[in-house]
Amino acid sequence: MDRIILKGMSFYGYHGAFEAENELGQIFLVDLELFLDLSEAGETDDLEKTVHYGEVFELVKEIMEGKPVQLIEHLAEHIAKQVFSHYNRVLETKVKITKNNPPIPGHYEGVGIEIVRKR
Ligand SMILES: Nc1nc2c(c(=O)[nH]1)N=C([C@H](O)[C@@H](O)CO)CN2
(Lines give C-alpha, C1' and ligand atoms only; values in the text may rest on other atoms or scores of the structure.)
Protein backbone atom coordinates (compact mmCIF):
# COMPACT_ATOMS: atom_id res chain seq x y z
CA MET A 1 0.00 0.00 0.00
CA ASP A 2 1.25 3.52 -0.84
CA ARG A 3 2.04 5.92 2.01
CA ILE A 4 2.24 9.60 2.78
CA ILE A 5 4.90 10.08 5.46
CA LEU A 6 5.33 12.97 7.89
CA LYS A 7 8.50 12.24 9.84
CA GLY A 8 10.14 14.00 12.78
CA MET A 9 7.44 16.60 13.47
CA SER A 10 8.19 18.30 16.81
CA PHE A 11 5.86 20.31 18.99
CA TYR A 12 6.04 21.91 22.41
CA GLY A 13 3.21 20.65 24.57
CA TYR A 14 2.04 20.28 28.16
CA HIS A 15 0.74 16.72 28.06
CA GLY A 16 1.67 14.18 30.74
CA ALA A 17 0.62 12.24 33.77
CA PHE A 18 2.98 14.21 36.02
CA GLU A 19 2.15 17.73 37.20
CA ALA A 20 5.66 18.92 36.29
CA GLU A 21 4.95 18.08 32.65
CA ASN A 22 1.71 20.04 32.71
CA GLU A 23 3.51 23.04 34.19
CA LEU A 24 6.85 23.07 32.33
CA GLY A 25 5.96 21.36 29.09
CA GLN A 26 8.33 19.48 26.80
CA ILE A 27 8.99 18.64 23.16
CA PHE A 28 6.96 15.84 21.59
CA LEU A 29 8.10 14.09 18.43
CA VAL A 30 5.45 12.75 16.06
CA ASP A 31 5.82 10.45 13.06
CA LEU A 32 2.73 9.83 10.97
CA GLU A 33 2.10 7.49 8.04
CA LEU A 34 -1.08 7.61 5.98
CA PHE A 35 -1.82 4.53 3.89
CA LEU A 36 -3.78 5.28 0.71
CA ASP A 37 -3.65 4.76 -3.05
CA LEU A 38 -1.40 7.42 -4.61
CA SER A 39 -1.64 6.13 -8.18
CA GLU A 40 -4.34 8.58 -9.33
CA ALA A 41 -2.34 11.55 -8.00
CA GLY A 42 0.73 10.06 -9.63
CA GLU A 43 -1.03 9.72 -13.00
CA THR A 44 -2.90 13.07 -12.96
CA ASP A 45 -0.40 15.30 -11.13
CA ASP A 46 -3.48 16.70 -9.36
CA LEU A 47 -3.23 17.66 -5.67
CA GLU A 48 -6.98 17.05 -5.35
CA LYS A 49 -6.35 13.35 -5.98
CA THR A 50 -4.21 12.89 -2.87
CA VAL A 51 -3.92 14.25 0.67
CA HIS A 52 -2.13 17.60 1.18
CA TYR A 53 0.50 16.76 3.79
CA GLY A 54 0.82 20.44 4.76
CA GLU A 55 -2.83 20.35 5.88
CA VAL A 56 -2.13 17.15 7.80
CA PHE A 57 0.78 18.85 9.56
CA GLU A 58 -1.57 21.63 10.73
CA LEU A 59 -4.09 19.05 11.96
CA VAL A 60 -1.39 17.33 14.06
CA LYS A 61 -0.03 20.69 15.31
CA GLU A 62 -3.49 21.72 16.55
CA ILE A 63 -3.76 18.54 18.64
CA MET A 64 -0.16 18.46 19.91
CA GLU A 65 -0.17 22.14 20.90
CA GLY A 66 -3.74 21.98 22.17
CA LYS A 67 -5.47 21.06 25.41
CA PRO A 68 -3.11 19.01 27.61
CA VAL A 69 -4.00 15.34 28.18
CA GLN A 70 -2.39 12.71 30.37
CA LEU A 71 -1.36 9.99 27.93
CA ILE A 72 0.37 10.10 24.58
CA GLU A 73 -1.89 7.20 23.62
CA HIS A 74 -4.81 9.60 23.88
CA LEU A 75 -3.04 12.08 21.59
CA ALA A 76 -2.27 9.37 19.03
CA GLU A 77 -5.88 8.14 19.04
CA HIS A 78 -7.13 11.70 18.51
CA ILE A 79 -4.74 12.22 15.57
CA ALA A 80 -5.84 8.95 13.91
CA LYS A 81 -9.54 9.83 14.35
CA GLN A 82 -9.05 13.31 12.91
CA VAL A 83 -7.14 11.97 9.89
CA PHE A 84 -9.96 9.52 9.06
CA SER A 85 -12.58 12.20 9.62
CA HIS A 86 -10.90 14.73 7.28
CA TYR A 87 -9.52 12.43 4.56
CA ASN A 88 -11.77 9.69 3.16
CA ARG A 89 -8.95 8.43 0.90
CA VAL A 90 -6.90 7.26 3.92
CA LEU A 91 -7.44 3.54 4.65
CA GLU A 92 -4.99 3.11 7.52
CA THR A 93 -2.79 5.31 9.65
CA LYS A 94 0.24 4.75 11.88
CA VAL A 95 0.97 7.31 14.62
CA LYS A 96 4.15 7.31 16.71
CA ILE A 97 4.65 9.79 19.55
CA THR A 98 7.93 10.08 21.50
CA LYS A 99 9.14 12.09 24.47
CA ASN A 100 12.93 12.46 24.48
CA ASN A 101 13.24 14.08 27.90
CA PRO A 102 10.38 13.12 30.18
CA PRO A 103 10.87 13.48 33.95
CA ILE A 104 11.81 9.80 34.28
CA PRO A 105 15.29 9.26 35.77
CA GLY A 106 17.62 7.21 33.58
CA HIS A 107 19.53 7.22 30.30
CA TYR A 108 17.52 6.50 27.15
CA GLU A 109 16.95 7.94 23.71
CA GLY A 110 13.26 8.45 24.30
CA VAL A 111 10.00 6.88 25.44
CA GLY A 112 6.86 6.62 23.38
CA ILE A 113 4.08 4.67 21.74
CA GLU A 114 2.97 3.71 18.25
CA ILE A 115 -0.56 2.84 17.13
CA VAL A 116 -1.92 1.50 13.83
CA ARG A 117 -5.58 2.13 13.01
CA LYS A 118 -7.63 0.93 10.03
CA ARG A 119 -10.66 2.82 8.76
N1 LIG B 1 2.12 4.18 28.24
C2 LIG B 1 2.36 5.35 28.82
N3 LIG B 1 3.09 5.40 29.95
C4 LIG B 1 3.33 6.59 30.54
C5 LIG B 1 2.85 7.79 29.98
C6 LIG B 1 2.10 7.73 28.77
O7 LIG B 1 1.66 8.75 28.22
N8 LIG B 1 1.87 6.50 28.23
N9 LIG B 1 3.13 8.99 30.59
C10 LIG B 1 3.85 9.03 31.71
C11 LIG B 1 4.28 10.28 32.29
O12 LIG B 1 3.62 11.40 31.71
C13 LIG B 1 5.77 10.37 32.02
O14 LIG B 1 6.04 10.65 30.68
C15 LIG B 1 6.36 11.45 32.84
O16 LIG B 1 7.41 11.00 33.47
C17 LIG B 1 4.34 7.80 32.41
N18 LIG B 1 4.05 6.60 31.68
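Here is a short tutorial on a predicted model, told as questions and answers.

In this predicted model, local features need pLDDT of at least 70 and side-chain atom pairs count only at pLDDT 80 or more, while totals for chains, interfaces and linings use all residues. Residues are numbered from 1 along each chain as its sequence is written, and side-chain values use heavy atoms, with hydrogens and water left out.

Student: How many residues does helix α3 have?
Tutor: Helices here are DSSP runs of H or I with at least four residues, strands are runs of E with at least two, and both are numbered from the N terminus. Helix α3 spans residues 53-64. From first C-alpha to last, α3 reaches 16 Å, close to the 16 Å expected at 1.5 Å a residue (1.5 Å times one less than the number of residues). The count for α3 is 12 residues.

Student: Why are the buried residues of α3 on the same side?
Tutor: Buried means under 20% relative accessible area, exposed over 50%, and partly exposed in between (1.4 Å probe, protein chains only). In α3, the buried residues are V56, L59, V60, I63 and M64. They sit on the same side of α3 because they cover an arc, taken from the directions from the helix axis to the C-beta atoms, of only 125°.

Student: Which element gives the largest share of the largest nonpolar core?
Tutor: A nonpolar core is a set of buried Ala, Val, Leu, Ile, Met, Phe, Trp, Tyr and Cys residues joined through side-chain atoms within 4.5 Å. The largest one has 29 residues, and those with the most contacts inside it include V60, M64 and I97. Elements giving two or more residues to this core are β1, β2, α3, α4, β3 and β4. The largest share, seven residues, comes from α4.

Student: How many residues apart in sequence are the parts that E33 and R3 tie together?
Tutor: A salt bridge is a side-chain nitrogen of Lys or Arg within 4 Å of a carboxyl oxygen of Asp or Glu. The side chains of E33 and R3 form one at 2.5 Å, N to O. E33 lies in strand β2 and R3 in strand β1, so the parts they tie together are apart in sequence by 30 residues.

Student: Is E33 buried or exposed?
Tutor: Its partner R3 is partly exposed, with a relative accessible area of 42%. For E33 the relative accessible area is 15%, so E33 is buried.

Student: Which residue is linked with R3 and E33 in a network of salt bridges?
Tutor: A search of the whole structure finds nine salt bridges. In the network that holds R3 and E33, the other residue is K94.
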